[in-house]
Every structure is written in structure tokens, then in C-alpha cells.
Amino acid sequence: MHGMNPILTSTPDASISLPVTAFIGGGNMSSALIGGLLGAGADGARLLVVEPFAEQRQRLRQRFSGVQVLAMPTPALHAAQAVVWAVKPQQFAQAAAECRPHLANALQVSIMAGVRCSAIERQTGAQRMVRTMPNTPALIGQGITGLFASAQASAQDRAVADALLAPAGQRVWVEREDLLDAVTAVSGSGPAYAFYLAEAMSRAGEELGLSAEQARELALATLAGAAALAQGSRESLATLRANVTSKGGTTAAALAVFDAAEMQATIVRALHAADQRAKELGDALDAG
Ligand SMILES: NC(=O)c1ccc[n+]([C@@H]2O[C@H](COP(=O)([O-])OP(=O)(O)OC[C@H]3O[C@@H](n4cnc5c(N)ncnc54)[C@H](OP(=O)(O)O)[C@@H]3O)[C@@H](O)[C@H]2O)c1
């Protein structure tokens, strides 16, 4: 069983057999999670998806044989012991109103950005819930998801939510719901920061005479490789950086420009702005 403290897990608890689970919304995230669960051996007959868009239902049926795909909530949902909310936050109120009569006393797992537990409780009447914040690499199983469980959720509920999100990549549990705003600031919005840095590195590479493809590959492989190196190391990030920065060398020349522009402080300020914006968006969704 996974602990209650902030933890990083990369493999789900093998002893968990998934309960019958209904996905509300059959879009990108649901498809990635369902595909990953089936790939890991989950029984498709124990998964349901509610998806109002006919073309999307067709795609789901073709891709995931055995999974029950519903156009609207029906009493079939009563069988679900876990529900995964995977609609856009703005679609949640309507989807919840439609599904509520058909939802038994299920664990509610939300992947909706910014929808707070209080809103989920208000809209579904449920108290056992796990709110999560994945990021876009989840779509290829290489994301990282922050998870927060309500006080009423049991250890088993946490383990189920952890297993349901495992196909999205690693999981980090947080102890307070507001820390999901920090998760949003670091990893939720983080892929864009990585693209931003890669963009600048590619642009410079091109200015220095490389082709666009060469510059892009060099930038992306460097970010991926550096991240993998750091993940496999016990050294602090500052030490890893110092280790590759010889005095008077090329790296030092580049970092001196970063430091003169106070890049670290700027990035820290940027993430504070993202955290603040996550709180504002949460407030707006709460009010609406
Ligand atoms: N994509 C990511 O990487 C990512 C990362 C972090 C968080 N999230 C969160 O994950 C959630 C889902 O994102 P997504 O990218 O999977 O969105 P998506 O592709 O738009 O999927 C949402 C699906 O829900 C369907 N839907 C709309 N109203 C519904 C209702 N009343 N009942 C049942 N289904 C309904 C939509 O159908 P229509 O097409 O007909 O509207 C759509 O197929 C969002 O809340 C997002 O904030 C996503």
C-alpha cells in the first residue's frame, strides 16, 4: 500500500485490482488512461466511458474493444465503484448534473484542472474523492501527476486513484489541496517552460549556422538527457550544474549571461504567477 506522505511512485501497487470504473468524458486524457490501463492488463469489461460526441464514441469503440461506451449516463453507471471526471472544467457542472442520479457511492477521481474538492462535493454529493493534476506528457505515459485525497478517502481509495493514474506516468501525493496549485505551477504548466527553453536554444543554434532540424534535435535531446541524468543522480541540481561548468569555459560564459539577467529569479517569479493564476481560476470555477 502507498504511504500517505508526499511520495513519488512510478509503478502502481500490483496488488490493486481495479474496481469497475466509469470515465466521464472520452477525450484525450481518458483515452490515454484507458489505453494505458488496458495495455497493463486491465479488464476492458470493467471500464465504462460516457461520451456525448458520436465520432469520439466511434473512435473509442474501435480502439478499446470490450469497453462499454455510453452516449449518456444510464443505470449501467451504478456498477461503477470509481468515477474518473475527465471533461473540461467548464463542462463539469452539466456532466455532474446528468450523471449524479446514476452514480452510486463511488470514489470520485478528478483530472479536471482547477476544480476543487468543494466543487466536486457540491456537484456530485460525494465525499470520498481524489483530485489530481496531470500534465500533457501524460498523453504518452511520461507525465507526472500531483494527487490529493479528501479526508474521507481511505487508503484503498488512494491506491485505486494511484493505479488509475499510473498510465499517465509518475505520481506525487500532496498533503494539502492548495499544493495542487504549486503542482500546476511546476509540472502542470511546466512542459511549456521546457518548450520555451528548447525554442530559444534552437533559435540560437540556427543563428549559429545549424539547420532547424539539427538545432531542434540538439535542444530537445539535451533537455531530455539532462533530465534523465539528474533523475538518476543523488547530487543536487546546483552541484550537477557546477560539475559541467568549468571556470572560464563555454558553459560558464553562457551562465554568466543568465545570471546577469537574473534568470533564476525571473523563473521563480514566473512560477509564483502561475500558482497565483491557478488560485484565481479555482476561485472563478468555485463561484460559477
Ligand atoms: N490534456 C492534458 O494533458 C491535461 C493535463 C492536465 C489536466 N487535464 C484536464 O483533463 C480534463 C480532460 O482533458 P482532455 O484533454 O481529455 O479534454 P477533451 O479531449 O476535450 O475531453 C473531454 C471530453 O469530455 C466530453 N464531454 C463533454 N461534456 C460531457 C458530458 N456532459 N458528459 C460526458 N462527457 C462530456 C467531451 O465531448 P465534446 O467533444 O463533445 O465536448 C470530450 O470528448 C480537463 O479538465 C483538463 O483540464 C488535461
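## Exercises on a ligand and its protein chain

A polar backbone atom of isoleucine 111 lies 3.2 Å from an oxygen atom of the ligand. The model is predicted, so local features need pLDDT of at least 70 and side-chain atom pairs pLDDT 80 or more, while totals for chains, interfaces and linings use all residues. Residues are numbered from 1 along each chain as its sequence is written, and side-chain values use heavy atoms, without hydrogens and water.

**Exercise 1.** State which residues are closest to the ligand and how much of the ligand's area the protein covers.

*Solution.*
1. The ligand is surrounded by 24 residues (each with a heavy atom within 4 Å of it).
2. The closest of these are Asn28, Met29, Glu51, Val87 and Ile111.
3. For valine 87, a polar backbone atom is 2.8 Å from an oxygen atom of the ligand.
4. For alanine 113, the corresponding distance from a polar backbone atom to a ligand oxygen is 3.2 Å.
5. Of the 900 Å² of accessible area (Shrake-Rupley method, 1.4 Å probe) that the ligand has on its own, the protein covers 81%.

**Exercise 2.** Describe the secondary structure and burial of the protein chain.

*Solution.*
1. The chain has eleven helices (DSSP runs H or I of at least four residues) and nine strands (E, at least two).
2. The chain holds 288 residues, of which 40% are buried (under 20% relative accessible area, 1.4 Å probe, protein chains only).

**Exercise 3.** Determine how the charged side chains are distributed.

*Solution.*
1. Positive side chains (Lys and Arg) number 22, and negative ones (Asp and Glu) number 24.
2. The centres of the two sets are 3 Å apart, with each charge placed at NZ of Lys, CZ of Arg, CG of Asp or CD of Glu.

Notes. Buried < 20%, exposed > 50% of the residue type's maximum accessible area, 1.4 Å probe, protein only. Polar contact = N/O pair within 3.5 Å; in protein donor to acceptor, adjacent residues only side chain to side chain.
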